[in-house]
Amino acid sequence: LKLVQILPVTNEDVIFSFDKGSPDFEDCLFAICAKNNKIFNLVTRNKAHFLDFDLNVFEPNEFIEKYFK
């Protein structure tokens with residue numbers, strides 16, 4: 001299980017994230033980069049910012065329960 005991966009961010013990712021008009025630009029960029037790199041599981045304390053991205057979003061405790069118990 002790979003826990004951390006640094007992803008590339010393209011100019012197109014930044015423009016798309018800005019144009020999407022999300023309430024949190026950085027979270028939008030994070031989600032777009034993840035999807036573009038075929039990563040569909042995210043761990044965050046703010047699940048609400050990722051509801052529109054068709055991702056599996058976990059709070060840290062949920063992730064630990066699912067994958068480490």
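## A guided tour of the predicted model

This model is predicted, and the count of its salt bridges comes to two. A salt bridge here requires a side-chain nitrogen of Lys or Arg within 4 Å of a carboxyl oxygen of Asp or Glu.

**First stop: Lys47 and Glu62.** Please select Lys47 and Glu62, whose side chains meet in a salt bridge with an N to O distance of 3.1 Å. Lys47 belongs to the loop between strand S1 (41–43) and strand S2 (56–58), while Glu62 belongs to helix H3 (residues 60–68), so the pair ties together parts that are 15 residues apart in sequence. Lys47 is partly exposed, at a relative accessible area of 26%. Glu62 is also partly exposed, and its value is 31%.

**Second stop: Glu65 and Lys69.** Next, select Glu65 and Lys69, which form a salt bridge in which the closest N and O atoms are 3.2 Å apart. How exposed is each partner? Glu65 counts as partly exposed because its relative accessible area is 47%, whereas Lys69 counts as exposed at 72%.

**Third stop: the whole chain.** Now display the protein as a cartoon. Three helices and two strands are present, and along the sequence they follow the pattern α-α-β-β-α. The C-alpha trace spans about 40 × 20 × 15 Å along its principal axes. Of the 69 residues, 26% are buried. A surface view would show about 5200 Å² of exposed area, 54% of which is supplied by carbon and sulfur atoms. Among contacts between residues at least 6 apart in sequence, 24% join residues at least 24 apart.

If the charged side chains are coloured by sign, there are 8 positive and 11 negative charges, and the mean positions of the two groups are 9 Å apart.

**Fourth stop: Asp27.** Select Asp27, which is found in helix H2 (residues 25–36). Which side chain of opposite charge is nearest to Asp27? It is Arg45, at 12 Å; Asp27 is buried yet has no salt bridge. Since a salt bridge requires the nitrogen and oxygen to lie within 4 Å, a useful step is to look at what does surround this residue. Beyond its neighbours within four places in sequence, Asp27 is in contact with Asn46, His49 and Phe50.

**Fifth stop: the aromatic rings.** Display the aromatic side chains; the structure holds five aromatic pairs. One of them joins Phe58 and Phe63, an edge-to-face pair with 6.0 Å from centre to centre and 65 degrees between the planes. Are these two residues buried or exposed? Phe58 counts as buried at 13% relative accessibility, and Phe63 is buried at 14%. Adding Tyr67 and Phe68 to the selection completes a cluster, in which ring pairs link Phe58, Phe63, Tyr67 and Phe68.

**Last stop: Val4.** Finally, select Val4, in the segment before helix H1 (11–20). Val4 is exposed, with a relative accessible area of 67%. Select Ile39 as well: Val4 and Ile39 are 35 residues apart along the chain, and their C-alpha atoms are separated by 11 Å.

Notes. Residues numbered from 1 in each chain as written. Predicted model: local features only at pLDDT ≥ 70, side-chain atom pairs only at ≥ 80, totals over all residues. Heavy atoms only, no water. Helix = DSSP H or I, 4+ residues; strand = E, 2+ residues; numbered from the N terminus. Buried < 20%, exposed > 50% of the residue type's maximum accessible area, 1.4 Å probe, protein only. Contact = heavy atoms within 4.5 Å. Areas by Shrake-Rupley, 256 points an atom, 1.4 Å probe, with all protein chains shown as cover. Lys, Arg positive; Asp, Glu negative; His and termini not counted. Charge placed at Lys NZ, Arg CZ, Asp CG, Glu CD. Phe/Tyr/Trp six-rings, centres within 6.5 Å; stacked < 30°, edge-to-face > 60°.
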